[in-house]
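Visitor: Take me to one part of this model and stay there. I'd like a close look at how the pieces around it fit together, and then whatever else you think is worth a stop.

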Amino acid sequence: MKYLLLINAGELDLTGGAVGCEPEDWMRFDKEITDAGVVVASESLADLVTQTRVQVANDGKRTVTDGPFAETREVLGGFYVIDVPDLDVALDWAAKCPGSRAGGSVVVRPVAEFPGA
């Protein structure tokens, strides 16, 4: 079954990195999860200031707003899509992820599968 591990950073330092998570932690985790053969896709997202939000009103009018957005409490840092036997295994990988530390979190959601897709 496929699961999305959505990584939300905790406290950020002055360089935009998560406090308590060194680049080596991420490289080690990425190697471990990749070597386990469960990664379907993974990406790290560009800096928070590069985000743009699109909203479409009921009348079809599009509003585009450049970030960062003050109301955001969590910073989406990236994701993994993994293919594992069950939720318990997905939760184990989420707990190993450096993004789950230092006030961060990893949201685990099953990927919807549609018949015939």
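**The strand 1–strand 5 pair and what packs around it**

Guide: Let's start with strand 1 (residues 2–9) and strand 5 (residues 75–83), which run antiparallel and are joined by eight bridges. Keep in mind as we go that this is a predicted model. If you want a spot to put your cursor, try Ala9, whose bridge partner in strand 5 is Val75.

Now zoom out a bit. That pair sits in an open sheet of four strands with antiparallel pairing, in the order 2-5-1-6. Strand 2 (39–44) and strand 6 (105–110) are the edge strands, each pairing on one side only. Going from one strand to the next, the twist averages 20°. Packed on this sheet is helix 1 (residues 23–35), touching strand 1, strand 2 and strand 5, and its direction makes about 20° with that of strand 5.

For orientation along the chain, you're looking at two helices and six strands, and from the N terminus on they run β-α-β-β-β-β-α-β. Contacts reach a long way here: among those in the protein chain with a separation of 6 or more, 72% come from residues 24 or more positions apart. Of the 117 residues in the protein chain, 24% are buried.

Back to the packing. The largest nonpolar core has 15 residues, and those with the most contacts inside it are Leu5, Ile33, Tyr80, Ile82, Val84 and Trp93. Strand 1, helix 1, strand 5, helix 2 (87–96) and strand 6 are the elements that give two or more residues to this core. Ile33 is a handy place to see that. Leaving aside residues up to four places away in sequence, Ile33 touches Leu5, Val38, Val39, Tyr80, Ile82 and Trp93.

Then come the rings. There are two aromatic pairs in the structure. Phe29 and Tyr80 make an edge-to-face one, 5.5 Å centre to centre with 90° between the planes. That pair links distant parts of the chain, with Phe29 in helix 1 and Tyr80 in strand 5, 51 residues apart. Phe29 has a relative accessibility of 3%, so it counts as buried. Tyr80 is buried too, because its relative accessible area is 6% and the cut-off is under 20%.

Phe29 also pairs with Trp93, again edge-to-face, at 6.2 Å centre to centre and 65° between the planes. Since Phe29 lies in helix 1 and Trp93 in helix 2, this pair ties together parts that are 64 residues apart in sequence. Trp93 is buried as well, with a relative accessible area of 9%. Put the rings together and you get one aromatic cluster of Phe29, Tyr80 and Trp93. Before you leave Trp93, look at Lys96, which lies over the face of that ring, at 4.5 Å from the ring centre.

What about the strands that haven't come up yet? Strand 3 (residues 52–56) pairs with strand 4 in the antiparallel sense over five bridges. The two form a hairpin with five residues between them, and Gly60 in the turn has a positive phi of about 90°. Across this hairpin, Val54 stands opposite Val64 in strand 4. Asp66 is in strand 4 too, which covers residues 62–66. Asp66 touches Gln51 and Thr52, not counting residues up to four places away in sequence. The C-alpha atoms of Asp66 and Val54 are separated by 9.0 Å, the two residues being twelve apart along the chain. With 57% relative accessibility, Asp66 counts as exposed.

One last stop, for backbone fans. Most residues other than glycine have a negative phi. Ala102 has a positive phi of about 55° although it is not a glycine. You'll find Ala102 in the loop between helix 2 and strand 6, and at 35% relative accessibility this alanine counts as partly exposed. From there the chain takes you on to strand 6, one of the edge strands of the sheet we started in.

Definitions and conventions
Residues numbered from 1 in each chain as written. Predicted model: local features only at pLDDT ≥ 70, side-chain atom pairs only at ≥ 80, totals over all residues. Heavy atoms only, no water. Pairing = 2+ DSSP bridges. Axes fitted to C-alpha atoms, helices over the stretch in contact; angles between N-to-C directions. Contact = heavy atoms within 4.5 Å. Core = buried A, V, L, I, M, F, W, Y, C linked by side-chain atoms within 4.5 Å. Buried < 20%, exposed > 50% of the residue type's maximum accessible area, 1.4 Å probe, protein only. Phe/Tyr/Trp six-rings, centres within 6.5 Å; stacked < 30°, edge-to-face > 60°. Lys NZ or Arg CZ within 6 Å of the ring centre and 35° of its normal.
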